[in-house]
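Student: Could you take me through one part of this model at close range? I would like to follow a single strand and its surroundings.

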Amino acid sequence: MTEPNPDPRRLTEAEWKARLSPEAYAVLRKEGTERAWTSPLYEEHRQGTFVCAGCGSPLFTSDMKFDSGTGWPSFFTTLPGAFETKTDRKFFMTRTEYHCARCGGHHGHVFDDGPAPTGQRWCNNGVALRFVPAVEPAGG
């Protein structure tokens, strides 16, 4: 389990490689993409928070998640200040790519084909996320 680092942007590539799986490293640090339908988080439906697998920063709540049919966990919005965006012109198209505002880790792309109320689809690589289930009330 990755715990928040006081300043994850100062980690060396060797430190990132030691802290992440090879798959997470390829996505978070090298802007790779995991294969569709491979993340167990695609089917995650419990209440909780999706955090950055690189630094533990909260990114999405389970209430923001929806089934996009794309094979990647998708969300219609994010927690405030969770991401920074940039234009991605790879693969002969223009897309909006987003990165964790805390550690700079690549998470995915945002599209304008999502559900109400935002119309957005934040298409996230599951390997770039960790799910933290909500705590059940005692005696409940």
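Tutor: Happy to; here is a walk along one strand, its two partners and a pair of cysteines. Keep in mind that this is a predicted model.

Let's start with strand β7, which covers residues 106–111. Five of its six residues are buried, so the strand is largely enclosed by the rest of the structure.

Now look at the partners. Strand β6 (residues 95–100) pairs with β7 in the antiparallel sense, over four bridges. To find your place in that pairing, look for E97, which stands opposite H109 in β7. The hairpin of β6 and β7 has five residues between the strands, and there G104 takes a positive phi near 80°.

β7 also pairs with strand β8 (residues 121–124), again antiparallel and over four bridges. Here a handy marker is G108, which stands opposite N124 in β8.

Let's go back to β6, whose range of residues 95–100 takes in C100. C100 is buried, with a relative accessible area of 0%. The cysteine sulfur closest to that of C100 belongs to C55, and C55 is buried too, at a relative accessible area of 0%. You might be tempted to draw a bond there, but the two sulfurs are 3.7 Å apart, too far for one. A disulfide needs the sulfur atoms within 2.5 Å, so this pair does not qualify at 3.7 Å. By that rule, the count comes to zero disulfides.

How values were computed:
Residues are numbered from 1 along each chain as its sequence is written. This is a predicted model: local features need pLDDT of at least 70, side-chain atom pairs count only at pLDDT 80 or more; totals for chains, interfaces and linings use all residues. Side-chain values use heavy atoms; hydrogens and water are left out. Buried means under 20% relative accessible area, exposed over 50%, partly exposed in between (1.4 Å probe, protein chains only). Helices (H or I, at least four residues) and strands (E, at least two) are DSSP runs, numbered from the N terminus. Two strands pair if DSSP finds at least two bridges between them.
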